Amino acid sequence: MSLYTSFMRVLENHIIPFAGRIGNQRHITAMRDGFISAMPFLIIGSMMLIVANPPFDLQTTSSFGQAWLSFAKTHWDTITMPYFMTMGLMSVFVSVGTAYSLAKSYGLDGLTSALLSLMAFLLAAAPQIENKIALDFLGGAGVFTALICAIWSVELTRLLKKYNITIRMPTQVPPAIARSFELLYPVIGILLTVYPASLLLQSEFNLLIPAAIMQMFQPLISVGDTLPAIILALLIANLLWFAGIHGANIVTGLMAPIFMANIATNATLMAHGTAATQILTDPYWAFYICIGGSGSTLVLAILYLRSRSIHLRTIGKLSVVPSIFNINEPLLFGSPIVMNPTLFIPLLVVPLVNAVLSYSVLHLDLVHKMVAISPWTTPAPIGAMISAAWDYRAAVLVIILTIIDLFIWYPFFKIYEKQLIDEENKQQENTASTGVETQSQP
């Protein structure tokens, strides 16, 4: 039995089923949906933060730069207000979105579950002090608490409903009113669990629940921001892609809390005039590691355009435009790269090279770290530059990585092209010979 056959057997019998279960696990799906629902708000907030921090030195001689700097300084509070109401409330959106998705997966009412989750999160993260709500943990620092509160509030509602611990109204009562009364027991359940825990931590340890949870998850965040962790995540994601499973969805779904916590930390540091510290963020993954989509296949789509293989040239025409916007499913399944041993090595190696090089550059502070979220469909050089607060060196880094990707993909592309050309020539010969035999028949 060959090494490749053994590997495929392990992949099919063990890795793929396990990954499928993780990808379809309702709580992971709900977390992913929660972050997706928050994304539009975070993108707008990020853009406003960038507007408030012009990419010019205070001593710049550019009239445009001076005008922008003056405008940002004069209107700082006005410009940054959308940032504080979006990025600054990130965990609120995540809590509501996650609870809604999880509730719908159980067949529960999404709206009331989302409101219950919001109540639980505010009790845990934003106690009233001198008639003011504390905002410290409503942003990225409270994201783990938001997820826990969302899951707990929905699971509590499900358990109460399962054992018929609910208030049932007569059928004549309008459905909206009936749903509100059904929520009374879950509200009481939250008051009897989350609130006492919050009061206990405050009185005994002078800590809020989010602060305690962040201390617990800090080792995970620290490890997640290291190069070995990034490499491991990439290997898992692209192994799954090779097997035809959307590995990026599974891996980034699990890492989304770390992505969001890190980008929120960087944005907060920037808002206070301090240099960003965290490397592993969603824009870093999208624009430095996966240029053109998972596997960093933008250069492959470009190579296909000039291929001598009819099949590859056709796939190139269909996939090059989506690849520019980081959508490469047509390429992955059309080439195919999925289950293709010839293209297996670059599928794994290219993203790893991008990760190592970009991580090193950012770690050495040669390029600004990501402080904002750009839509993942933004072309990589532009998205990287925007996310790095207009640092043009980010775009240059993407271009350099793309050139390196080209040199890695090219020899494997040529091998695969030759295989397809041989197959196409044989097919043409068979077609021609069949046509000749048909014509020779009386």
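**Exercise 1. Classify the two partners of the R393 salt bridge by exposure.**

D391 has a relative accessible area of 5% and counts as buried. This value comes from a predicted model. Buried means under 20% relative accessible area, and partly exposed lies between that and the exposed class, which is over 50%. R393, at 29%, is therefore partly exposed. The two side chains form a salt bridge, with the closest N and O atoms 3.0 Å apart.

**Exercise 2. Do the same for K369 and D365.**

Start with the contact: K369 and D365 form a salt bridge, and their closest N and O atoms are 2.6 Å apart. Next, take each residue in turn. K369 has a relative accessible area of 10%, so K369 is buried. D365 reaches 52%, so D365 is exposed.

**Exercise 3. Locate the salt bridge between K414 and E417 and describe its surroundings.**

Step one is the element: both residues lie in helix α19, which spans residues 392–440. Step two is the spacing: K414 and E417 are three residues apart, about one turn of the helix. Step three is the distance, 2.9 Å from N to O. Step four is exposure: K414 is partly exposed at 30%, whereas E417 is buried at 2%. In total, the structure holds five salt bridges.

**Exercise 4. Find which helix gives the most to the nonpolar surface patch.**

List the members: L159, Y163, I165, I177, F181, L184, Y185, I188 and L192 make a patch of about 830 Å². Two elements give two or more residues to the patch, α8 (175–182) and α9 (184–205). The largest share comes from α9, with four residues. I188 sits in α9, and its relative accessibility of 42% makes I188 partly exposed.

**Exercise 5. Place L135 and compare its sequence and spatial separation from V251.**

L135 is in the loop between β2 (132–133) and α7 (143–162). Its relative accessible area is 53%, so L135 is exposed. Along the sequence, L135 and V251 are 116 residues apart; from C-alpha to C-alpha, the separation is 30 Å.

**Exercise 6. Summarise the whole chain.**

Begin with secondary structure: the protein chain has 19 helices and two strands. Its C-alpha atoms fill a box of roughly 95 × 70 × 45 Å along the principal axes. Of the 442 residues, 48% are buried. The chain exposes about 21,800 Å², and carbon and sulfur atoms supply 68% of that area. Finally, count charges: there are 21 positive and 22 negative side chains, and the centres of the two sets lie 6 Å apart.

Notes. Residues are numbered from 1 along each chain as its sequence is written. This is a predicted model: local features need pLDDT of at least 70, side-chain atom pairs count only at pLDDT 80 or more; totals for chains, interfaces and linings use all residues. Side-chain values use heavy atoms; hydrogens and water are left out. Buried means under 20% relative accessible area, exposed over 50%, partly exposed in between (1.4 Å probe, protein chains only). Patches are made of residues with over 30% relative accessible area and no salt bridge: like charges are joined within 9 Å, nonpolar side chains (Val, Leu, Ile, Met, Phe, Trp, Tyr) within 5 Å. Accessible areas come from the Shrake-Rupley method with a 1.4 Å probe; for residues, only the protein chains shown count as cover. A salt bridge is a side-chain nitrogen of Lys or Arg within 4 Å of a carboxyl oxygen of Asp or Glu. Lys and Arg count as positive and Asp and Glu as negative; His and the chain ends are not counted. The place of a charge is taken as NZ of Lys, CZ of Arg, CG of Asp or CD of Glu.
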